[in-house]
Amino acid sequence: MESTVLPDSIRPPRLQPGIGFGATGTLRSSSSSLRPGVTVPVAPLLPSPASLSASSGPPPPPPPLQLHSLYGGVGAGLGPGAGGHCNPGNPAVLKEAVEAVVRSFAKHTQGYGRVNVVEALQEFWQMKLSRGADLRNGALVVYEMVPSNSPPYVCYVSLPGGSCFGSFQFCPTKAEARRSAAKIALMNSVFNEHPSRRITDDFIEKSVNEALASFNGNREEADNPNTGIGAFRFMLESNKGKSMLEFQELMTVFQLLHWNGSLKAMRERQCSRQEVLAHYSHRALDDDMRTQMAADWVNREQSMARTIAQELASTERELEDARLAGRELRFYKEKKDILMLAVGQLSAANAATLPSH
């Protein structure tokens, strides 16, 4: 497939890496020691750059894992707080960049004229599957409308690998919301095919050096898998040859484990960082994992009232901000779904304890 060329004025910088569906890994440790469910405070085993040099002790509830050199500016590519063209403060440039990619895609695949982005996105992934892409769940693109009786309407789209995007414009109709979501997803799907979006030896070396420079690390840390930067290198090395979007799908698992406090719990069960990384690098985010995480939030709610409500309000704000910025949304969307699952579990538990009449 021909690569897209954008004008210099709107050409975005590096794409953010945005859950693979590999087979479940096996470890020497017992399976119970590696279950994601916990009831302890959050502390990262694979830390964010901000926590690479942090002092010991449990930190406050963390933001999404920030893998320094893999976040940057095209739609899905903006980590929270990252710079670049495509941010909430510059929606016009984001829209222009998206439209440019869609027009270029239409030109190269269907000739000039208006492109049906919903059909184009599905055809793009069907093409990838036909060319041997490892899509274990097939090539189906799934849309989800947020229930609403009036505009603006919001739509999410999940790609076959698990990445999620959402409508990033004010959408007066449900059809327009669907098209908006398809546009940003198509843009990122196309960009993800470019050779520069592959994890190579050169990319790994540059990324690790940037992380060392940003957090005053030393070369010994990068070579030691028991340090944060060493774990970062281990993850990159383990995913050599994959695209940035594939890597982000994988990292969503670790973001959720970090957010839920599961990584600290596994460390307290004497699981080494390498074992946890190796195990969850081949573990799909499934209903069992979500249910266990939801149960942890039920336990927190029972210990401190309104814990879930506060976390849900914060998560909904994060999801909204990320959607309007055109970012990859899987982490925020999964957090919200897990918290809503916890609300359901809590309601069921409360109903079961009500006295019968």
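# Exercises on charges, rings and helices

The charged end of Lys333 lies over the ring of Tyr156, 5.4 Å from the ring centre. The model is predicted. Work through the exercises with the structure open.

## Exercise 1. A charge over a ring

Task: find which residue lies over the face of Trp297, and state its distance from the ring centre.

Solution.
- Step 1. Go to Trp297. Arg300 lies over its face.
- Step 2. Read the distance. Arg300 is 4.4 Å from the ring centre.
- Step 3. Apply the cut-off. A charge counts as over a ring if NZ of Lys or CZ of Arg is within 6 Å of the centre and within 35 degrees of the ring normal.
- Step 4. Return to the opening pair. Lys333, at 5.4 Å, sits over the ring of Tyr156.

## Exercise 2. Aromatic pairs

Task: classify the pairs Phe124 with Trp125 and Trp259 with Trp297.

Solution.
- Step 1. Start with the count. The structure holds 3 aromatic pairs.
- Step 2. Take Phe124 and Trp125. Their centres are 5.8 Å apart and their planes make 75 degrees, an edge-to-face pair.
- Step 3. Check their exposure. Phe124 is buried at 2% relative accessible area. Trp125 is buried at 6%.
- Step 4. Take Trp259 and Trp297. Their centres are 5.1 Å apart and their planes are at 25 degrees, so this pair is stacked.
- Step 5. Place the stacked pair. Trp259 is in helix H7 and Trp297 in helix H10, so the pair ties together parts 38 residues apart in sequence.
- Step 6. Check burial. Trp259 and Trp297 are both buried.

## Exercise 3. Salt bridges

Task: for the salt bridges Glu193 with Lys128, Glu268 with Lys264 and Asp287 with Arg290, give the N to O distance, the location and the exposure of each partner.

Solution.
- Step 1. Note the total. The structure holds 19 salt bridges.
- Step 2. Take Glu193 and Lys128. Their side chains meet at 2.8 Å, N to O. Glu193 is in the loop between helix H3 (174–191) and helix H4 (201–214), and Lys128 is in helix H2 (residues 117–130), so the bridge ties together parts 65 residues apart in sequence.
- Step 3. Compare with the cut-offs. Buried is under 20% and exposed is over 50%, with partly exposed in between. Glu193 is partly exposed because its relative accessibility is 28%. Lys128 is buried because its value is 17%.
- Step 4. Take Glu268 and Lys264. The closest N and O atoms are 3.0 Å apart. Both residues belong to helix H8 (residues 262–268); being 4 residues apart, they are separated by about one helical turn. Glu268 is partly exposed at 45%, whereas Lys264 is buried at 16%.
- Step 5. Take Asp287 and Arg290. Their salt bridge is 3.0 Å, N to O. Both lie in helix H10 (residues 287–303), 3 residues apart, about one turn. Asp287 is exposed at 55%. Arg290 is buried at 17%.
- Step 6. Add the network. Salt bridges with shared partners join Asp201, Glu205, Arg219, Arg233, Glu237 and Lys240 into one network.

## Exercise 4. A mostly covered helix

Task: state how many residues of helix H9 (residues 273–280) are buried, and which helices these buried residues pack against.

Solution.
- Step 1. Count. In H9, 6 of the 8 residues are buried, and the helix is mostly covered.
- Step 2. Name them. They are Arg273, Glu275, Val276, Leu277, His279 and Tyr280.
- Step 3. Find their neighbours. The buried residues of H9 pack against helix H6 (228–238), H7, H8 and H10.
- Step 4. Look at the start of H9. A side-chain oxygen of Ser272 comes to within 3.1 Å of the backbone nitrogen of Glu275.

## Exercise 5. Two buried residues

Task: locate Gln248 and Ala325, then decide for each whether the residue is buried or exposed.

Solution.
- Step 1. Place Gln248. Its position is in helix H7 (residues 244–260).
- Step 2. Read its exposure. Gln248 is buried because its relative accessible area is 2%.
- Step 3. Find its partner. A 3.3 Å polar contact joins the side chains of Gln248 and Gln255.
- Step 4. Place Ala325. This residue is in the loop between helix H11 (307–324) and helix H12 (330–353).
- Step 5. Read its exposure. Ala325 is buried, at 0% relative accessible area.
- Step 6. Look across the chain. The C-alpha atoms of Ala325 and Leu94 are 7.9 Å apart, with their positions 231 residues apart along the chain.

Terms used: Residues are numbered from 1 along each chain as its sequence is written. This is a predicted model: local features need pLDDT of at least 70, side-chain atom pairs count only at pLDDT 80 or more; totals for chains, interfaces and linings use all residues. Side-chain values use heavy atoms; hydrogens and water are left out. Buried means under 20% relative accessible area, exposed over 50%, partly exposed in between (1.4 Å probe, protein chains only). A salt bridge is a side-chain nitrogen of Lys or Arg within 4 Å of a carboxyl oxygen of Asp or Glu. A polar contact is a pair of N or O atoms within 3.5 Å; within protein, one must be able to donate a hydrogen and the other to accept it, and residues adjacent in sequence count only if both atoms are side-chain atoms. Rings of Phe, Tyr and Trp (its six-membered ring) pair if their centres lie within 6.5 Å; planes under 30 degrees apart count as stacked, over 60 as edge-to-face and the rest as tilted. Contact means heavy atoms within 4.5 Å.
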